[in-house]
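Thanks for coming. I will go through one model today, taking the charged pairs before the strands and the cores.

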Amino acid sequence: HLVTAGTVTPATYAALDSPALDTLLTRSKETYDLILCASPPTLGVTDAAVLGSKVDATCLVLTCGVSPLDTVLEAKSALEAVQANVIGAILTRFKI
């Protein structure tokens, strides 16, 4: 199943910080073994921090050779500041 975010509005923060999202996540946990939520970059907007504080775990998605270490550490700190459980990172575009 897939639930999309819909149209971007100025009220995105309110939607993410709403009881409706809490209910959706709680009910989804009763049905599904794994729920994946994607968000915009952590440092660009508050979406990732708000969502990260509501889910069981978060992963940073990094692009090899593009994501600067200081930015990665700042993003991790921003998530930890809202008690997000950062369990690791996913590295994309890594050439073997």
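**Salt bridges, strands and cores**

Lys54 and Asp17 form a salt bridge, with 3.8 Å between the closest N and O atoms. Please keep in mind that this is a predicted model.

Where do the two partners sit? Lys54 is in the loop between helix 3, residues 47–52, and strand 1, residues 58–63, while Asp17 is in the loop between helix 1, residues 12–16, and helix 2, residues 19–31, so the salt bridge ties together parts that are 37 residues apart in sequence. Is Lys54 buried or exposed? Lys54 is buried, because its relative accessible area is 18% and the cut-off for buried is under 20%. Asp17, at 41% relative accessibility, counts as partly exposed.

Lys54 also has a salt bridge to Asp22, and here the N to O distance is 2.7 Å. This pair again links distant parts of the chain, since Asp22 is in helix 2 and Lys54 is in the loop between helix 3 and strand 1, 32 residues apart. Asp22 has a relative accessibility of 33% and counts as partly exposed. Taken together, Asp17, Asp22 and Lys54 are linked in a network of salt bridges.

Next, a pair inside one helix. Glu80 and Lys76 meet through their side chains in a salt bridge of 2.8 Å, N to O. Both belong to helix 4, residues 69–81, and because they are four residues apart there, about one helical turn separates them. Glu80 is partly exposed at 37% relative accessibility, and Lys76 is partly exposed at 32%. How many salt bridges does the model have by this rule? The count is four.

A brief word on the start of the chain. Ala11 is in the segment before helix 1, and at 43% relative accessibility Ala11 counts as partly exposed. From the C-alpha of Ala11 to the C-alpha of Arg27 the separation is 23 Å, with their positions 16 residues apart along the chain.

Now the strands. Which side chains of strand 1 point to the buried face? They are Thr58, Leu60 and Leu62, whereas Cys59, Val61 and Thr63 point to the other face and are not buried. Why the alternation? In a regular strand, side chains alternate between the two faces of the sheet.

Strand 1 pairs with strand 2, residues 86–92, in the parallel sense over six bridges. Within that pairing, Cys59 stands opposite Gly88 in strand 2. Between the two strands the chain passes through helix 4, and this β-α-β crossover is right-handed.

That leaves the cores. Which residues make up the largest nonpolar core? There are seven: Leu60, Leu62, Val72, Ala75, Leu79, Ala84 and Val86. Strand 1 and helix 4 are the elements that give two or more residues to this core. Helix 4 has the largest share, with three residues.

Val72 is one of the core residues. Setting aside neighbours within four places in sequence, Val72 is in contact with Leu60, Leu62 and Ser67. Another core lies apart from this one and has five residues, among them Leu16, Leu21, Val50 and Leu51.

To go back over the main points: Lys54 is part of a salt-bridge network with Asp17 and Asp22, strands 1 and 2 pair in the parallel sense, and the crossover through helix 4 is right-handed. That is all from me.

Definitions and conventions
Residues are numbered from 1 along each chain as its sequence is written. This is a predicted model: local features need pLDDT of at least 70, side-chain atom pairs count only at pLDDT 80 or more; totals for chains, interfaces and linings use all residues. Side-chain values use heavy atoms; hydrogens and water are left out. Buried means under 20% relative accessible area, exposed over 50%, partly exposed in between (1.4 Å probe, protein chains only). Two strands pair if DSSP finds at least two bridges between them. A crossover is right-handed if, with the strands pointing away from the viewer, the path from the first strand over the helix to the second runs clockwise. A nonpolar core is a set of buried Ala, Val, Leu, Ile, Met, Phe, Trp, Tyr and Cys residues joined through side-chain atoms within 4.5 Å. Contact means heavy atoms within 4.5 Å.
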